[in-house]
Amino acid sequence: MALYLGEFEYAVLLAVLHLREDAYAVPVRSLIETRTGRAIARGALYTALERLEEKGCVTSAMRDATEARAGRPRRYFTLTTRGLEALRATHVALRSLSTGLETILEQP
Amino acid sequence: MIATPPRLVERLLAWSMRDPSWRESVLGDLSEEFSTMTTQAGARSARSWYRKQAFGIAARRFAARLTGRPLVPDRLPEPTEPRDGLSGALWHDLRHAWRVVRHQPALSLTVVLVLAVAIAANGTVFSVADALVLRPFRYPGVDRAVVLASDGHTRFFARQSVTPGDFMDWREQAGDAFSRLAALEWWDPAYSHDGPPQQLAGFRVTASLFDILGVRAELGRTLLESDAAGDAAVAVLSHDFWVRQFGSRLDVLGKTIWLDTKPHRVVGVMPPTFTVPFGAEVWAPLAFTPEARSDRKDQHLMVVAQLAPGVSAEASEQRLLAILAQQKKAYPETHARREVSVRTFTEGFGDQGSGPFIAVWQVASLLLLLVACANVANLLLARNTERQRELAVRMALGASARRIAWQLLLESLVLAAAASLLSLPLIWAGLRAIRVSMPDAVIRFVQGINYMEVQPATFLATTLLAVCATVIAAMIPALRASRGSVVESLRPGTRVSDGASRQRGRAVLATAQIALTLALLATAGLSLSALYRVSSGPIGFDTVGILTGSISLPDTRYAELEKRRQFIDAVLRPLSALPSVVDAAVISSLPYSGSYSYVHFWPEGVGLRESTAVDVVQQAVTPTALTLLKVPLLDGRMLAAADREESPPVALVNRALAEKMWKSTTVVGRRFYLRPDAPPVTVVGVVGDVAQDWIVVTRTLNVYLPVAQHPPGSFAVMLRTVPDPNQLAANLRAVVQSADVDQPVLNVRTMEKVVEDKTVGLRFAANTLAIIAAVSCLLSSVGLYSMMSFLMSRRTREIGVRVALGATRWDIVRLTGTTAVKLTAAGIIVGLVLAYAAGRLMEQAMFGVVNPSLTLAIGLAVVLALVSLAASYIPAQRAATVDPTTALRAE
């Protein structure tokens, strides 16, 4: 049984998927903000990423310690199979509900 | 140098995260964004941004740790733009208000300080009023407790006025009006232990007193009904006495203490807040002998009762009046002139003197607040004129007038919030100062002094005041600003206009400040002059070089008059023999000691009925007592050693009594009666009037009787000494000890101290008022000064033109000074009217001790006029030195 995601986690996973190998917290956050117009709290994002990792939806790797980061590495996230399944399940469920309503829903 | 994130915050954030790899990456992310921020917005905003983010993340971590589960939001947050809704708008407006307030630090600080001082004055007085007058007794039963007295609704409530017989009648017949009744009787026992005996403030009370007030013992128990019947005497101690005498030891229960040379078993200790009545230290059961139960003459009891459920104090008084009507028929000779009244417990046992004082303070501090409000309103008005163009731009961009007014109001609320926060420590300090300045001798008897601290009620009242003050101060400027004409203000080159109505508004405010200040100064002046009169005015006797000490002989051992005579003799004889003592005498009650007794008085030839009696103050004195006090003899002779018990009864009367009774001061040989059943007393001399108490306005009627014929049970010893009287205190104590080992001496102090202790309240009130008035004077001169400088700065160009056209410096000063003179004159005229009203109020509140005087008012008006003109001269002078070229260039 695939995992069903809440709106917040759904958005975070979609952003990770979009960013592919550049997916660490800073661009994830700004992507969500520019695409949705919602400013999410950094604290909430970190907690969500941590939880998603615990659930096995993403894995992370530390690299790219630059001077601007005071020598601290970035934590890059990659979507796992389980994470992809969860994204798909949520997406399909929502899409099946919205099928046939595109003319109404796609209006600006 | 590369900007670095705030270290401390960084450390806090690091500490909030346990997992080291997460810690590294999160700190790294923030550093990365921080450096981007620094290049875009500068180091300052970047640091502030960093702080905010770090706190946000750390807070979430801590919350997660506390609740045990990670806080992941289900949904994305609401869109950030556009911010809408009430809370968003309010938040936005508040932030804007804060920016404006911070933008003008000097003005904001002035406003906050002025408001804070005024609010603190009000808060302090309110705290004092709340503790001492409104709620001095905070016991569970106090709301249903009333005081019953055989006294009408007079100004000075005689609570100690009930006979045991009447108490019994009420208890038996008024059960429908009162659930319980309790009687209290002064006792003042001598407490004997190792060392010299002490006089305690003690009361004999019926057990129901504790039940009525709903107070339990802190240790052991309170009195029981059965204690009065039992043979073994018991006593309940006050907390203070227990701490002082027994070092808070728990084994005090069951101990035997010696009171009036009789053993009493300690059964309980009361909590520290319970000292009812009047700083009591020990309570013992009150028992009525069969004779006492039918005593309808000796009005010495105080009676407290608990109202029956559903009965009001008024209804209960009607019940007592009905009983009194029957009593008048049954006992016409004692009850013919008797009255009854019921008062609340707080009214009955509170300090009757402090109420009016505190009312005057409260009025004074409210006036101060008004002055402060006028001042603040003036400052805000001036500032809004400065900001007129900004406001006009905002209105042109579509802000409604209401919104602008709201914004301005909000700005002042921010100021008010700061002021009320600042006022709290000021109130605290004020209350401490009040407490410290009260003499120890007085503090014990001040009910509710323990509650005199910053309390939630104070905080609430303060905040409320701050808000009201702000609304008053901000409304006028806010409304005016929002009504401004947009087009006019935006036209280039227009002087930031200063319309006639706006100028008028400021003039009214300045006038109001001067007027209120004059009223305050007059109030303070009146109380200071009253204080001067009371403490240094003619009081009819000499206070210098006299040592006094009070002695209260217990009835148990000194019921026989002969024993009292012997004791007095045994004390006076050795004292007179001391080389440094000029004279030693005894008086039954010292003037200004606060305790004096009235007796009935009938001049010879008048029917000896209750209704024809005149009440006069009776004092028993030894022959030299009045000479010692330097009370002048006007006619006849002083009392002499020859006026003994067996010789014919004689007396001295004072001038007021002689004039009232016989319309003459040569009344030697006239006779009068003090009791219908006793032989007449002959007047042998007339002496000058002596003030018994500053509170008593009219001259008291006095009769002085020889101690030999009327030996008192309690009296004061007076020594006139050559050196400093205080040096003889030990001698006085030693002599009393040798006359009776178990007899304490109380209140050994100089006569000057006796008077000072009595006037300390008035002194205190007068000083406080003077401080309030001085602060107000300062505020209004600052207000006038700031207003004048503002007006001058508005007129710089006009003045420049005048100077360029040849006006002299003096012309300019005169031109600008006219405004100040007009304002001051108007303020002083209104102020004189207010001062007159305040004087009348004070006259009523302070028992007529103050008398409004025209000279005082005029003198103060002149002083105030000078201060206010000086405050406006400086800006006028500055305006006159304006360089025309600069002035003409000024926008």
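The exercises below, each with a worked solution, concern a predicted model of two chains, A and B.

Local features are given where pLDDT is at least 70, side-chain atom pairs count only at pLDDT 80 or more, and totals for chains, interfaces and linings use all residues. Residues are numbered from 1 along each chain as its sequence is written, and chains are lettered from A in the order in which they are written.

**Exercise 1. Describe the make-up of each chain.**

Step 1. Chain A has 5 helices and 2 strands, where helices (H or I, at least four residues) and strands (E, at least two) are DSSP runs, numbered from the N terminus. Along the sequence, these elements of chain A follow the pattern α-α-α-β-β-α-α.

Step 2. Chain B has 30 helices and 23 strands.

Step 3. In chain A, 34% of the 108 residues count as buried, and in chain B, buried residues make up 42% of the 891 residues. A residue is buried if 20 or more other C-beta atoms, placed from the backbone, lie within 10 Å of its own, exposed if 12 or fewer, and partly exposed in between.

**Exercise 2. Find which parts of chain A touch chain B.**

Step 1. The contact takes 28 residues from chain A and 28 residues from chain B, two residues being in contact if their C-beta atoms, placed from the backbone, lie within 7 Å.

Step 2. On the side of chain A that touches chain B, helix H1 (7-19), helix H2 (25-36), helix H3 (42-55) and strand S2 (74-79) each supply at least two residues, and the largest share, 8 residues, comes from H3(A).

Step 3. Sorted by class, this side of chain A has 14 nonpolar, 5 polar and 9 charged residues; Ala, Val, Leu, Ile, Met, Phe, Trp, Tyr, Cys and Pro count as nonpolar, Asp, Glu, Lys and Arg as charged, and the others, Gly among them, as polar.

**Exercise 3. Work out how strand S11 of chain B is covered and paired.**

Step 1. Strand S11 (residues 302-307) of chain B is mostly covered, since 6 of its 6 residues are buried.

Step 2. In a regular strand the side chains alternate between the two faces of the sheet. In S11(B), Met302(B), Val304(B) and Gln306(B) are buried on one side, and Val303(B), Ala305(B) and Leu307(B) are buried on the other.

Step 3. Strands pair if DSSP finds at least two bridges between them. Strand S1 (residues 145-149) of chain B is joined to S11(B) by 4 bridges and runs antiparallel to S11(B), with Val303(B) as the bridge partner of Leu148(B).

Step 4. Strand S2 (residues 178-186) of chain B is joined to S11(B) by 6 bridges, again in an antiparallel arrangement, and here Val304(B) is the bridge partner of Ala182(B).

**Exercise 4. Compare the surroundings of two residues with positive phi in chain B.**

Step 1. Most residues other than glycine have a negative phi. Ser248(B), although not a glycine, has a positive phi of about 60 degrees, and Asp260(B), also not a glycine, has a positive phi of about 50 degrees.

Step 2. Ser248(B) lies in the loop between helix H9 (239-246) and strand S8 (256-259) of chain B, while Asp260(B) is found in the loop between S8 and strand S9 (262-269) of chain B.

Step 3. Ser248(B) is exposed, because 11 other C-beta atoms lie within 10 Å, whereas Asp260(B) counts as buried, because it has 23 C-beta neighbours inside 10 Å.
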